[in-house]
Number of protein chains: 2
Amino acid sequence: MSNSIYTYAITVPSTLGYALLGLLARHARTGYELTQALRAPIGYYWTASHSQVYPELAQLEEQKLVAHRVIDGPGPRDTKRYRITPAGRRAVAVWAVRPPDAAHNRDQLMLKVYSMWTADPVRARALVVGQRDAAAAMLRHYGEIERSMRQDHGELLDDPTTPQFSSYATLRRGLGFERHAVAWCDWLLAALTGEKPAPPEPE
Amino acid sequence: MSNSIYTYAITVPSTLGYALLGLLARHARTGYELTQALRAPIGYYWTASHSQVYPELAQLEEQKLVAHRVIDGPGPRDTKRYRITPAGRRAVAVWAVRPPDAAHNRDQLMLKVYSMWTADPVRARALVVGQRDAAAAMLRHYGEIERSMRQDHGELLDDPTTPQFSSYATLRRGLGFERHAVAWCDWLLAALTGEKPAPPEPE
DNA sequence: TAGCACATGTAACTCGTTACATGATTTG
DNA sequence: CAAATCATGTAACGAGTTACATGTGCTA
């Protein structure tokens with residue numbers, strides 16, 4: 001059947017695959033629980049729906065990076081609890097320190113701002129106010145998470161070999177990101193309102 | 001043939017379509033020139049390859065938001081210069097101030113950091129150093145652009161009705177973003193090296 | 001008893017990338 | 001004369017979203 005030794009292509013996990021391995025490296029979960037983790041906390045920087053998760057888990061299992069055990073069944077299908085294999089654990093560890101693919105930071109808001117000069121200034125202001133409020137809300141939310149992390153763990157947040165440290169590092173990035181987003185919105189709002197620092201010629 | 005008045009679905013431009021309209025709102029361009037703009041400056045927050053641009057232009061033309069005129073031909077096909085129509089201009093202006101779709105900020109680096117605790121600390125450090133340097137290089141690059149913008153235009157950067165203002169606003173976001181990225185990498189590097197602020201119990 | 005959380009899967013579709021394809025003009 | 005730039009298009013594929021599909025157990 002085969003006319004080549006390359007008939008079977010070697011497949012490496014997709015980015016989603018590594019995201020799932022990273023979650024399973026912490027503890028075993030069902031596909032459903034993995035999907036939930038892809039809303040929060042992973043959802044803050046990577047999302048996926050369950051329709052992507054289940055096929056990906058099947059692929060990871062084919063590659064022997066995860067394994068599952070049936071635990072029980074509330075619905076028409078079995079409930080499967082997945083755990084990471086030693087090979088899977090090695091795969092995440094290697095992937096985690098390889099430089100990421102040159103990231104194209106898709107930011108729809110920037111695209112809109114790029115064309116904002118064509119729009120109604122009143123509506124432009126409203127958009128920026130809304131974005132500012134959303135960023136401020138996220139900032140508060142992250143602040144609450146930080147407080148509870150400091151309380152629950154504490155010492156662990158200083159040790160880079162703990163999963164808590166890794167979580168904390170991503171949280172700090174989120175905090176800085178939203179803090180800057182708010183500051184930028186405030187600057188833009190001032191500029192849109194026409195607050196010039198000491199204009200030489202008065203109207 | 002038709003059993004419904006809804007046979008013809010109304011189609012609105014995709015995000016890429018609006019990106020193209022935003023570029024054409026500034027001045028007329030060929031598909032090739034639009035593709036180049038989608039590397040820089042738009043490429044800093046939105047990318048697309050020419051294989052996406054040409055079909056999208058055809059769709060925008062079908063929707064009467066752009067129009068083209070053949071100018072000459074170096075290759076086997078005609079060279080087409082596209083300009084925005086009044087309807088296209090109205091479409092961008094409206095889109096620009098509508099809240100963006102709830103953005104899922106995909107950040108592969110954060111995903112890697114989330115699993116960094118499983119990895120070799122030496123390689124982890126190397127990854128973060130590399131990311132820090134890349135962010136610092138971008139920061140310098142944006143700084144140069146800012147200087148040339150201030151020189152070329154200057155007054156215009158204070159007027160929200162000019163395209164230069166819009167460009168400047170996105171640039172400022174980039175500057176803040178990279179500045180924070182560098183600071184965060186520095187923090188992470190210190191944490192990975194094990195610089196604790198006055199540890200109570202010595203080893 | 002209606003709705004939600006739990007739990008897993010498939011199908012259709014859009015978006016985006018890489019590769020295929022062609023060919024003139026300019027530059028080293 | 002080889003390579004890059006200009007210039008436009010199609011095809012195949014992978015990634016991601018929304019909708020379709022099923023069914024249990026708990027709670028308001």
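Helices (H or I, at least four residues) and strands (E, at least two) are DSSP runs, numbered from the N terminus. With that numbering, K64(A) lies in the loop between α3 and β2 (66-72) of chain A. Its phi is near 65°, a positive value in a residue other than glycine. The model is predicted. This report covers symmetry, the protein interface, the DNA surfaces and the backbone.

## Two copies, one axis

Chain A superposes on chain B by a rotation of 180°, with 0.0 Å of shift along the axis and an RMSD of 0.0 Å. That is the relation of a two-fold axis. The copies use the same surface: 100% of the contact residues of chain A recur in chain B.

## The protein interface

How many residues of chain A are in contact with chain B? The count is 68 residues of chain A against 68 residues of chain B. The size of an interface is often given as the accessible area lost when the parts come together. Here the area buried between chain A and chain B is about 6,800 Å². Carbon and sulfur atoms give 65% of that area. Three residues stand out on chain A: Y114(A), W117(A) and R173(A). They supply 14% of the area that chain A buries against chain B, more than any other three residues.

Polar pairing crosses the interface as well. There are 18 residue pairs in polar contact between chain A and chain B, with both residues at pLDDT 80 or more. Which elements of chain A give two or more residues to the side that touches chain B? They are α1 (15-24), α4 (86-96), α5 (108-114), α6 (121-152) and α7 (163-193). The largest share comes from α7(A), with 18 residues. By class, this side of chain A has 37 nonpolar, 16 polar and 15 charged residues.

Side chains of opposite charge can pair when their charged atoms come close. Between chain A and chain B, the count is two salt bridges. In one salt bridge, the side chains of D107(A) and R173(B) meet at 4.0 Å, N to O. Over all chains the structure holds 12 salt bridges. D107(A) sits in the loop between α4 and α5 of chain A, and R173(B) in helix α7 (residues 163-193) of chain B, so the pair joins two chains.

## The DNA surfaces

DNA strand C is surrounded by 24 residues. The closest are Y32(A), R77(A) and K80(A) from chain A, with S51(B) and P74(B) from chain B. Sugar or phosphate holds 65% of the strand C atoms within 4 Å of the protein; the rest belong to bases. Which elements each supply at least two residues of the surface near DNA strand C? Chain A brings α2 (31-37), α3 and β3 (79-84), and chain B brings α3. The residues of this surface divide into seven nonpolar, 12 polar and five charged.

DNA strand D also has 24 residues around it. S51(A), P74(A), Y32(B), R77(B) and K80(B) are the closest. Sugar and phosphate account for 63% of the strand D atoms that come within 4 Å of the protein.

The table gives individual polar atom pairs.

| Protein atom | DNA atom | Distance |
|---|---|---|
| Y54(A), polar side-chain atom | Strand C, phosphate oxygen | 2.8 Å |
| K80(A), side-chain N or O | Strand C, phosphate oxygen | 2.6 Å |
| Q52(B), side-chain N or O | Strand C, phosphate oxygen | 2.9 Å |
| S51(A), polar side-chain atom | Strand D, base oxygen | 2.6 Å |
| Y32(B), polar backbone atom | Strand D, phosphate oxygen | 2.7 Å |
| R106(B), polar side-chain atom | Strand D, phosphate oxygen | 3.3 Å |

For DNA strand D, the elements that give two or more residues to the nearby surface are α3 (50-62) of chain A together with α2 (31-37), α3 (50-62) and β3 (79-84) of chain B. That surface divides into seven nonpolar, 12 polar and five charged residues.

## Cis prolines

Where does P41(A) lie? Its place is in the loop between α2 and α3 of chain A. The peptide bond from A40(A) to P41(A) is cis, with omega near 5°. In chain B, a cis peptide bond joins A40(B) and P41(B), with omega about 5°. P41(B) is in the loop between α2 and α3 of chain B.

Notes
Residues are numbered from 1 along each chain as its sequence is written. Chains are lettered from A and ligands numbered from 1 in the order in which they are written. This is a predicted model: local features need pLDDT of at least 70, side-chain atom pairs count only at pLDDT 80 or more; totals for chains, interfaces and linings use all residues. Side-chain values use heavy atoms; hydrogens and water are left out. Copies are superposed by least squares on the C-alpha atoms of residues with pLDDT of at least 70 in both. Contact means heavy atoms within 4.5 Å. A residue is near a molecule or strand if one of its heavy atoms lies within 4 Å of it. A polar contact is a pair of N or O atoms within 3.5 Å; within protein, one must be able to donate a hydrogen and the other to accept it, and residues adjacent in sequence count only if both atoms are side-chain atoms. Ala, Val, Leu, Ile, Met, Phe, Trp, Tyr, Cys and Pro count as nonpolar, Asp, Glu, Lys and Arg as charged, and the others, Gly among them, as polar. Buried area is the accessible area (1.4 Å probe) that two parts lose on being put together, summed over both.
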